[in-house]
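Q: I am new to this structure and would like a close look at a single part of it. Please take me through that part step by step.

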Amino acid sequence: MPTLTAALWTRALGQPRRLATLVMAESGALTLSYDGGAIKDRLPGLSLMHDLAVHRDLIYPPSYANPLPPALAELAPPPHPAGRLNPQRVVVEALADSISAERGWRAANVLQREWDLLLLSGRGSVGVLDVFESDAQAERWYATPAIEADLLQDSAGVAAMFRAAVASTAMQPADFLGGGRPAALPSVGGMMPKVLARFDPATDQITLDLGGGAPASRSGVAVVVKVEPSGYDGIVELEGLAYAACAAAGLPVPRIWVLRPPEFRPLLLVERIDIGADGSATPMESLFSILFEATARGRGGRVTTANAAPYEMVSAALRMPNILPDLDRAAAAEQLFRHVLISLLIGNGDLHLRNLALLGSRAQCGLAPVYDPAPMRAWDEHNIVSACNLGGLDLERAIAPPALGDAVTAFAIACGLSASARARAIEQCLEAGSGFLAAVENCAAPEACRWGLVKRAGQVRAVIGG
């Protein structure tokens with residue numbers, strides 16, 4: 001296998017700029033070399049942890065669990081979740097196999113495989129980073145208008161959208177997939193199938209927004225379209241109620257729309273928090289990526305999975321001035337506390353570090369508004385109190401331990417909340433959780449999901465409220 005190279009570009013300043021060169025050696029080691037112009041202009045780097053006044057060449061030692069740095073890995077379709085398939089990854093893997101046959105060699109290991117998938121689909125996603133095989137490819141992509149198709153009115157419907165989405169991200173002819181109606185839509189990441197689009201609330205028209213071209217020329221609200229998967233009936237409605245509960249708990253949330261078009265699965269449209277009204281993109285990085293980079297420089301253990309760090313570790317990182325010097329620490333810490341608490345109270349056991357993010361540049365960033373707050377405890381196979389631990393308690397279990405209430409209070413103190421702010425936040429979250437449970441009881445989700453969620457979230461509420 002030859003040494004592999006790629007170009008990393010960024011849309012952080014409105015106009016695309018080349019950021020760095022990526023080189024993967026035969027061993028799998030990845031080197032990132034920032035461009036002189038990017039360093040001179042202090043562009044946002046691969047991670048918010050990268051101050052370009054300090055960083056030049058970075059050598060990343062890959063591992064089986066993390067073959068690529070998280071900030072890059074999150075641009076490609078995520079691996080298949082246990083017991084299920086990620087449809088976008090299936091298709092991009094098929095594209096990779098086709099291209100491997102054309103070039104005469106196949107990826108020899110998981111590192112090379114992830115590199116191939118990144119080169120096929122690592123652009124036009126959430127945030128500002130785009131990966132290309134070459135600068136010429138980048139220039140063509142930024143100059144070419146995005147493929148557009150009406151999700152609900154296009155004659156081929158879902159199949160056309162699926163083909164167009166994959167064709168655009170992989171820069172392959174749209175007829176590669178042939179005809180036929182696929183079982184699901186491509187996903188941006190996570191369990192629910194997703195696609196990026198533009199939405200006109202006045203007409204309910206949904207148009208694909210797949211990157212490329214000039215973003216300012218696209219009309220409508222930039223949204224993530226989440227399609228209710230088979231086997232999870234009611235999840236769109238329940239996630240809509242979860243967003244309302246998070247807002248009632250004092251958290252910033254994006255606008256959402258729930259649509260039930262005929263002959264389609266229900267859709268949840270969530271306004272993109274990384275896209276401004278003028279179409280400009282803002283850097284966005286998961287707290288998993290932040291802690292992965294931060295712990296690489298420390299002497300303690302490295303955070304290598306999205307549920308490996310307790311929430312106290314996240315709070316401590318947000319309060320350390322050497323990590324992000326210009327972060328509003330008090331605001332971020334209180335937002336984190338409220339987010340963790342309301343997630344416990346509404347049955348969102350999936351608040352792992354990929355579902356928490358920082359939004360903005362190194363010089364000006366804060367915790368991102370809520371995203372992906374689905375109350376997954378409504379389903380037996382996802383019934384855990386929390387993906388991350390708190391107060392030394394193992395919360396990857398179905399029943400909240402009696403000490404959870406004390407752990408929540410201690411966490412509020414660790415976040416720096418005063419006694420009055422702590423009481424205010426807990427009271428507001430408990431009230432929001434109560435309203436959520438009442439709404440769930442009366443919603444249209446299947447009865448087993450509704451009552452299972454109410455029972456499980458109610459048990460947590462009894463422990464914390466007591």
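At what angle do helix H8 and helix H9 pack, and how far apart are their axes?

A: The model is a predicted one. In it, helix H8 covers residues 287–296 and helix H9 covers residues 311–318. The two pack at an angle of about 70°, and their axes are 11 Å apart. An angle from 65 to 115 degrees counts as roughly perpendicular, and H8 and H9 are therefore roughly perpendicular to each other.

Next come the residues that make this contact. From H8, the residues are Leu287, Leu291 and Thr295. On the side of H9, they meet Met313, Val314, Ala317 and Leu318. Sorted by class, the residues of the contact of H8 with H9 are six nonpolar and one polar, with no charged residue. Threonine falls in the polar class, and Thr295 of H8 is part of the contact.

The same part of the chain also borders an empty space. The structure holds four cavities of 30 Å³ or more, and the second largest cavity has about 50 Å³ of space. Its lining includes Leu287, Ile290 and Leu291, as well as Val314, Ala317 and Leu318. Ile323, Leu324 and Leu358 also line the second largest cavity. H8 and H9 are the elements that give two or more residues to this lining. By class, the lining of the second largest cavity has nine nonpolar residues, and neither polar nor charged ones.

Reading the two lists together, Leu287 and Leu291 of H8 take part in the contact with H9 and also line the second largest cavity. Val314, Ala317 and Leu318 of H9 likewise meet H8 and appear in the lining of the second largest cavity.

One lining residue leads on to a sheet. Leu358 lines the second largest cavity, and strand E12 spans residues 357–361. E12 belongs to an open sheet of three strands, in the order E11-E12-E13, with antiparallel pairing. Strand E11 (284–286) and E13 stand at the edges with a single partner strand each, so one side of each is left without a neighbour in the sheet. On average, neighbouring strands of this sheet are turned by 25° against each other, direction ignored.

Within this sheet, E12 and E13 can be followed residue by residue. Strand E13 covers residues 364–367, runs antiparallel to E12 and is joined to E12 by four bridges. The two strands form a hairpin with two residues between them. Serine 361 stands opposite glutamine 364 in E13, while leucine 359 has glycine 366 of E13 opposite.

To sum up this part, H8 and H9 pack at about 70° through a contact that has six nonpolar residues and one polar residue. Both helices give two or more residues to the lining of the second largest cavity, and Leu358 is also in that lining.

Conventions. Residues are numbered from 1 along each chain as its sequence is written. This is a predicted model: local features need pLDDT of at least 70, side-chain atom pairs count only at pLDDT 80 or more; totals for chains, interfaces and linings use all residues. Side-chain values use heavy atoms; hydrogens and water are left out. Axes are lines fitted to C-alpha atoms, for helices over the stretch in contact, and angles run from 0 to 180 degrees between N-to-C directions. Angles under 35 degrees count as roughly parallel, over 145 as roughly antiparallel, 65 to 115 as roughly perpendicular and the rest as oblique. Contact means heavy atoms within 4.5 Å. On a 1 Å grid over the protein atoms alone, a cavity is a set of points where a 1.4 Å probe fits but cannot get out, and a pocket is an open set with protein on both sides within 12 Å along at least five of seven lines; lining residues have an atom within 4 Å of a point. Grid points are joined across faces, edges and corners, and a volume is the space filled by probe spheres set on the points. Two strands pair if DSSP finds at least two bridges between them.
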